[in-house]
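Student: Hi, could you walk me through this model? I'd like to ask as we go.

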Amino acid sequence: MSVKIPNSIGELPNSEPRFIGTEVERIEDPHLVTGRTEFIDNMVMPGMLHCAILRSPHAHARIVSIDTSAAEALPGVVAVLTRDDVLRWANPMTTIPEGWAGHCLATERVRFVGEPVVAVAAKNRYVAEDALELITVEYETLEANTDARKAADGSAPVLFEEKGTNTIFERVFTWGEVDAAFAAADRVVTESYRWHRLGANPLETFGCISQWDPIENALTCWGSFQSQYHFGLGRAGVLGLPTNKIRIISQPHGGSFGGKGGFRGPDIAALLSRKTGGRPVKWIEDRMEYLAGGAGQAWDRHYDLSLALRGDGTITGLSVKLLDDLGASAEAWGAVSAAKPLAAFTGNYAIPVARYDLTIVATNKLPGSPYRGMGPPPQNWALEQTVDFAARELGMDPAEIRRRNYIPRDAFPYTIASGNEYDSGDYDAALDAVLEMSNYNDLRAEQERARAEGRLVGIGLVNTIEPGVFDWNAYAIVGQPGTGVPEGATIVVDPFGKITCKVGFSLEGQGQYTVAAQLLADWFKVGMEDVRVVALDSVAAPPHFGPGGSRLGVALTGAILGACQILTEKMLKVASGLLQTPLEACEFYDGVFRIKGMPEACVTLADIAGCMFAGSHLLPEDVDPNPEATYVWTAPGRTPADEEGRAKSYLTAANACHLVLVEVDAETGMVEIKGYWIADDCGTRLNPANVEGMTQGGVAQGVGAALLEEYVYDDDGQLLTSTFMDYLLPTIYEVPMTEKRALCTPSPFTPLGAKGAGEGSMHTTPAAVVCAINDAIAHLGVRALEMPAAPRRVWTLLQEAKS
Amino acid sequence: MADLRKIRVTVNGEEHEAEIEPRLTLVDFLRGELGLTGTHVGCEHGVCGACTILWNGRSVRSCIMLAVQADGSELKTIEGVSSDGSLHPIQKAFIEEHGLQCGFCTPGFVMSVSELLEHSPDPSDDEIKDYLGGQICRCTGYQTIFGAVKSAARKVREAGESGAAGEGTD
Amino acid sequence: MKPPVFDYVAPTAVEEAVALLGEHDFDAKILAGGQSLMPLLNMRLARPSILIDVARIPDLDFIRVDDSAVSIGAMTRQRTLELSAEVRERLGLLHDVMHFIAHPQNRNQGTVGGSLVHADPAAELPAVAAALGATFRTLGPDGERDIAVDDFFVTYLTTSMEPAELLTEIRFPLLPARSGHSVQEVARRHGDYALAGVVATVTLDDAGRIGDSRIVMFGVGDRPMRAVDAEQSLLGETPGEPVFAAAALKSIEALDEPLSDVHATAQYRTDLARVLTRRALTEAAVRAAGQGSAQ
């Protein structure tokens, strides 16, 4: 059966859709606001033990000996897991690129502060932590490798002796005649940038309960897994189990922003469970474990970025050199973040040629993980600063240089130099909207007045692309193969006309269960309360990936609408029999199966489902009594990457334009955000409230990136920001209230014309805030080129300006 | 192991007696011993506010309080804010104004806001910020939460004026 | 992040608490509001063998205001102080500084005495105590004694109290008429410990000249750092930007090199202290001028 997914809300079989595309209250919320949602740490199982993990205090050391005898003797301790168990029962961690990690417990050496070394299962977490203090590990410390430049030039100690190098990946991608473009340029603008590590920090850390089945040699894991099926495949590889002997059950999770699913913890808990003969073992990562050893650090980057320009401001070429410090292994998906920029390499601009000189190195820091945006935000930040510097050199307004280089609205679909195709967009409209909303000319006048008083006021104007609906092919260059990312949904109608939607992902915060209910209520013309959404585990659910890469809203919509279409066509056959009318004269519309042109001659969903349930004598021969359909959606038209990494990868290109007004305290270096305006275009908004929330949430994380958040390691590889007293999350005092305007250029390629809009402002805010800071201090002859623009850094720049 | 100590606390109007280790934190007592898992643990060092509860009517971090310190106290957790499936006006406001996404921090926010509105039924913007400044939300960016508090204050005031404050407000 | 094993005792009289302290000496730790101690316990960075919880001692929780001072019981919650209308009216500095201390959820539990005895050099309350010339009353095995603030804070997290002494009361003298105060600080986020901060008071004489002033910097030394020379330099001067700028320059001469950490270098902290001193004096003087006699 060919399934054609509607590209607009108007194509739904409903004359008056009430829910999709409108702001509705979320079905997830009543449980959340009453504290009734079952997060992993709420779960208790009979015989359950609690795991605590002893972690390395050294960045780089050889393990000489481990003595666990006193810990084993402590009352309440049931099992202690060491490298001996791990070498016996487990394989090294899976990695991208392949072959760059050790085991889930350090075996021969430790490579970062916080690396797991020994684990304990005890009757409760208190006793388990007591036991850790009784373990003696003798280390022979090694020189730490903490400088990515030294790691790259070969002068740092090597982490993996068998590799003989710390360079994990090194290649130059050239898309078009880049040298010629730079040679012919009227002007070349070049700058170097440093983006320090930061990361996701969801309010709920990662947690899991692993239970080994010693009879069948099988594993069940409950936990806050972002992508349960893929996580299960990885566990099979690491734990040496057949893939169908692993069952992952994703519990609702308290935020993710990339990386939820942890690394190592579920394997350690699984092996402890195996060692205890199959008792469930719970591991809840505490916040200090998360900060030092969790999936919470990303984007430790050194950029050199050059633009080739004509005298009129037209950008004719882009060159990006990135040295990416991935930390101690490639086990946590971090390398993918260096590949994803290919999906939107040249931003909103029609830059015909580009080069990407990419080096990824290993150092003695926590392995890098995914974080909201998955890599492009730092590149956008560097690109947008450079565009502003170019504008200043050319005497152009930031709005003018951007407008000159936008991909024109009539040029879509548009293939960028790095190979991806943007579906649609109107970048001028977004720019016009923020200029109007902010009264841009008045702001410039205000800036002039402030400057005359010696105050440092600046305006940041930035636009970015948010690639939506990720595809593996975008990551091919670093060794993650594949084209297409299936997402399935199963729709069931019961004999009372109630609808259940079964999916393969759990709550994470984005409100997708609500979107599912909106869609189904409008397709079947019922109330949202008639729809229930349930999560199935990795074995039972249809093929799925879940949230990630700004994909799930679009992918889930495709899966549900596909399943709805299959199911209603099947039910229509039954209706045709009941109505004693040929199939082609029947239709499903406005919630009933009816004779075309005779809407009063109809049967209901419940009639058909009831007929399947207990009326087999009325069923046509070719219809089985199953009022259920599954459809698995994947993005259409994706192509494998070519030898230069070019592919049709991310399906959608949402765009946003942000304008920020800041004031820098000329004496203290403190930055205050005084105004913030956003125009945002992500095509059809399935639930506008969800989109606004993601947009504003991205602003908050972007402000954190721009001003507050930074993991600091010293030269010995010690983490100096190991608590929330030093790793600073933005609060209501730092995050601005923003004025937002929604624009809509539907995608021609997606279900209902929606675009991915999950990562949102994280692409834009860091760049916008720092552009504003640089605008405020431009006349002083200094530039903020390091993230975050923390007060100590800004103050130092202001001192440089004075001297 | 230290000697166990007997404590008696009233939680959400119900009296509990327990023998516990002195080192047991209050949040672990509420979650582990009483099964009141609506109070969440986010940082265990008093910064994020996910574990906020009311202690004798005042909002506190239950992760940096020992259960023994609460002996003889009256505690209120998110489970005590509404009952019978009905929602407190604060909870309704959070839903209507989309003041949550993942919802993990929300119980802590609700508890802080309930103290705020008790103490200041028509809070100024500064007062709202003061009360929320120590509650971290990683999802929403606070704008909708701020709106939810404004709306909740209106709802609570209106309920008070119409004499219908009893609805779910304990 | 679970605390290590310890014993716990909750005396109901100060004498009992002091006796327990004497018995356990350095192994005992007083538990007041716990806002600083409990995180250290959860991280297992503090390892007392016994906690002495002084919250059950009724006579440590009070606020008394007389003609010369505000006296506060050591176990008085910071929030109680913040909400006291009498304190607000009679010693506004003590009220205003509360908004800089963490968040209401911490102040609900945290105590005035706990914060002072913890003696974090970046904390606000010790600086206010230094600026007002507070007196600390303690009870020990040898009875009561009063410690002047200048003798109280010794160095990082250390006071001059003996291990077996308990802080019972703090007396904050009222400011004279025609006085103004200011608290200025730079923190990464609202409610965080200050990178640097300044508490200043200015008292004007009948001629509108500076009759008295206190300048205390915090976050820039091993204890609240009073800038006596800078205070002296202001006496008899007419308030104004140049005078305050000069005093601010002088005030940082009182500093040794402050700590450098991930948030601020020593040079940055020092310069902040200068800037904030000038701003604090300016604001305090404006308030003093607007005060008349009500302070």
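Tutor: Happy to; we can talk about the contacts between chains, a core, a sheet, one chain as a whole and a few backbone details. This is a predicted model, in which local features need pLDDT of at least 70 and side-chain atom pairs count only at pLDDT 80 or more, while totals for chains, interfaces and linings use all residues. Residues are numbered from 1 along each chain as its sequence is written, and chains are lettered from A and ligands numbered from 1 in the order in which they are written.

Student: Let's start with A and B. How many residues does each of chain A and chain B bring to the contact?

Tutor: Chain A brings 41 residues and chain B brings 43 residues. Two residues are in contact if their C-beta atoms, placed from the backbone, lie within 7 Å.

Student: Which helices of chain A supply at least two residues to that side?

Tutor: Helix H1 (29-33) and helix H18 (688-708) of chain A each do. The largest share, six residues, is from H18(A). Helices (H or I, at least four residues) and strands (E, at least two) are DSSP runs, numbered from the N terminus.

Student: And how do the residues of the side of chain A that touches chain B divide by type?

Tutor: They split into 17 nonpolar, 16 polar and eight charged. Here Ala, Val, Leu, Ile, Met, Phe, Trp, Tyr, Cys and Pro count as nonpolar, Asp, Glu, Lys and Arg as charged, and the others, Gly among them, as polar.

Student: Now B and C. What does each chain give to that contact?

Tutor: Chain B gives 24 residues and chain C gives 27 residues. On the side of chain B that touches chain C, the elements with two or more residues are strand S4 (58-61) and helix H4 (125-132) of chain B. S4(B) has the largest share of that side, with four residues. By type, the residues of that side of chain B are eight nonpolar, nine polar and seven charged.

Student: Switching topic: how many residues are in the largest nonpolar core?

Tutor: It has 425 residues, and those with the most contacts inside it are A:Cys51, A:Val120, A:Leu520, A:Ile560 and A:Ile773. Helix H16 (residues 552-578) of chain A gives the most to this core, 14 residues. A nonpolar core is a set of buried Ala, Val, Leu, Ile, Met, Phe, Trp, Tyr and Cys residues joined through C-beta atoms within 7 Å. A residue is buried if 20 or more other C-beta atoms lie within 10 Å of its own, exposed if 12 or fewer, and partly exposed in between, with C-beta atoms placed from the backbone.

Student: What does A:Cys51 touch?

Tutor: Leaving out residues up to four places away in sequence, the residues that A:Cys51 touches include A:Val120, A:Ile268, A:Leu272 and A:Trp283.

Student: Tell me about the four-stranded sheet in chain A. What is the strand order?

Tutor: The order is S21-S20-S19-S25 (chain A), in an open sheet with mixed pairing. Two strands pair if DSSP finds at least two bridges between them. Strand S21 (531-535) and strand S25 (628-633) of chain A are at the edges, each with a single partner strand, so one side of each has no neighbour in the sheet. From one strand to the next, the twist averages 20 degrees.

Student: In what sense do S20 and S21 of chain A pair?

Tutor: Strand S20 (residues 499-503) of chain A pairs with S21(A) in the parallel sense, over five bridges. A:Cys501 has A:Val533 in S21(A) as its bridge partner. Helix H15 (residues 512-524) of chain A packs on the sheet, where it touches strand S19 (487-493), S20 and S21 of chain A, and its direction makes about 140 degrees with that of S21(A). Axes are lines fitted to C-alpha atoms, for helices over the stretch in contact, and angles run from 0 to 180 degrees between N-to-C directions.

Student: How many helices and strands are in chain C?

Tutor: Chain C has 12 helices and 14 strands. Of its 295 residues, 56% count as buried.

Student: Last one: which residues outside glycine have positive phi?

Tutor: One of them is B:His98, with phi of about 60 degrees, in the loop between helix H2 (89-96) and helix H3 (106-119) of chain B. B:His98 counts as buried because it has 25 C-beta neighbours inside 10 Å. Another is C:Arg44, with phi near 60 degrees; with 15 other C-beta atoms within 10 Å, C:Arg44 is partly exposed.
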